[in-house]
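Hi,

Here is the structure I promised to pass on. Have a look at it first, and my notes follow underneath.

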Amino acid sequence: MTVWDTLVGQRTVIGQLQTAVAGQGMSHAWLFTGPPGSGRSNTAVAFAAALQCEHAGLGSDCPDGCHDCHTVLAGSHADVALVRTEKLTIGVKEVRDLVRRASLTPMGRRWQILIVEDADRLTEQACNALLKAIEEPNARTVWMLCTPTVEDVLPTIRSRCRLVSLSTPTATDVSGFLQSLGCDAERASYAARASQGHIGRARALAFDDAVRARRQDVVSMPARLTTLKACLASASRLAEVAKAEADEITAQLDAREKADLDSAYGVVERGRRPKEYAPALRDLEQAQKTRAKRRQLDVVDRGLVDLVSVYRDAIALATGAPGELVNEDIRPDIERIVETSSPGLNLQRIGWIFEAREQMLEFNVPVPLALESMMVALRTTDVLSGADRS
């Protein structure tokens, strides 16, 4: 076992990082980019483990149960900080806390490493605070920023970082990884195709029946969009499923945070609430509300990606493109869409889905309203004439 074993389809990147660990091309700032699910933050964590390990995180040399590798991968290493946010943005206060930590001497003999998982969510003020720290780094401090693309961070920041570009893993790589975890070959093949290279999503589809059922519900929607009633019902269904899944994810965490707050202020022990409790509770509830909104948007966004895959399959089938369909299991539905549309129309439909996504994520349009408008636009029309199929 090595620290790199959980990275799927990233052989080139692993080689690049192993070279840096060996002392060639090491930098004080790194920018990890790649599509959702490609493993940006996992790669950064594995790199951090290799940097902290005296044996470079290699299984053949690293003693079994190496303390540095284990604690970095578990998120408890004293000299590695990983910033994840449940909010829509990362503010300047959080970054300033990181900058202060970056100025400290590592407790161990190697590096002080700071990983920002969602660097694309940094506010402008946060970016400015981070820029100064990257411009004037300590000798033993390493920054690792993770974003979908290089355009997601300021040019002044990315120009000071060494770029690591991850690619979308192939279906073969993902299927092999799932089988190594104990998944049977047929289910692993389905999950690899349906996830479209998103490792976390592939694992959920492979091992969670409820996740598979929810995805099946979403990808079956396009073939049912034949009436206005069906469009509105599908929009309502997608919004409700997203909210229910988001609530399921956050409910236990919300309850645990509330219990921790009550304990911290002695509410249970004293049987009364000190005056400082009310504003603290208000702040917690606001943070939880923001997190719930982000979770719902994340689940809706995943559903939109699944819808896009259906229309992408219809285009591929209509044009005779090589390769398997992403949604091979619903081929009859896709054939029906091909019969009632053209590749050009399905390309437009994909555009309308991305417009709905932008409305929700960028312009804060209410989820139900954006989904209703989108579903009506996607509505299946009468069979096109031969001339319209081109």
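Arg349 sits in helix 16, which covers residues 343-362. The model is a predicted one, by the way, so please read everything below in that light. With a relative accessible area of just 1%, Arg349 falls under the 20% cut-off and so counts as buried. Its side chain has a polar contact with the side chain of Asn346, at 2.8 Å.

Next, the nonpolar core. The largest one is made up of 35 residues, and the ones with the most contacts inside it are Leu304, Leu307, Ile353, Met360, Leu371, Met374 and Met375. Two or more residues each come from helix 10 (209-219), helix 12, helix 14 (277-319), helix 15 (331-339), helix 16 and helix 17 (367-378). Helix 14 gives the largest share, eleven residues.

Now the charged pairs. Searching the whole structure turns up 25 salt bridges, and a few of them are worth going through one by one.

- Arg201 pairs with Asp306, with 3.1 Å between the closest N and O atoms. This one links distant parts of the chain, since Arg201 is in helix 9 and Asp306 in helix 14, 105 residues apart. Arg201 is buried at 10% relative accessibility, and Asp306 is buried too, at 3%.
- Lys258 and Asp262 form a salt bridge at 2.9 Å, N to O. Both are in helix 12, four residues apart, or about one turn of the helix. Lys258 is partly exposed because its relative accessible area of 29% lies between the 20% and 50% cut-offs, whereas Asp262, at 12%, is buried.
- Asp301 and Arg357 meet at 2.4 Å, N to O. Here too the pair links distant parts of the chain: Asp301 belongs to helix 14 and Arg357 to helix 16, with their positions 56 residues apart. Asp301 is buried at 19% relative accessible area, while Arg357 is partly exposed at 32%.
- Lys93, Asp97 and Arg100 are joined into one network by salt bridges that share partners.

On the surface, Leu228, Leu232 and Val376 make a nonpolar patch, with about 220 Å² of accessible area together. Leu232 is in helix 12, residues 228-264. Its relative accessibility is 35%, so Leu232 counts as partly exposed.

Two backbone spots you may want to look at as well. Gln196 has a positive phi, near 55°, in a residue other than glycine. Gln196 is in the loop between helix 8 (185-195) and helix 9 (199-207), and it is partly exposed, with a relative accessible area of 34%. Asn364 is another residue other than glycine with a positive phi, in this case near 60°. You'll find Asn364 in the loop between helix 16 and helix 17.

Finally, the overall layout. The chain is divided into domain 1 (10-165), domain 2 (171-207) and domain 3 (228-378). Between the C-alpha centres of domain 1 and domain 2 there are 27 Å.

Cheers

Terms used:
Residues numbered from 1 in each chain as written. Predicted model: local features only at pLDDT ≥ 70, side-chain atom pairs only at ≥ 80, totals over all residues. Heavy atoms only, no water. Patch = residues over 30% accessible without salt bridge, like charges linked within 9 Å, V, L, I, M, F, W, Y side chains within 5 Å. Areas by Shrake-Rupley, 256 points an atom, 1.4 Å probe, with all protein chains shown as cover. Salt bridge = Lys/Arg side-chain N within 4 Å of Asp/Glu carboxyl O. Buried < 20%, exposed > 50% of the residue type's maximum accessible area, 1.4 Å probe, protein only. Domains from an automatic or database assignment. Polar contact = N/O pair within 3.5 Å; in protein donor to acceptor, adjacent residues only side chain to side chain. Core = buried A, V, L, I, M, F, W, Y, C linked by side-chain atoms within 4.5 Å.
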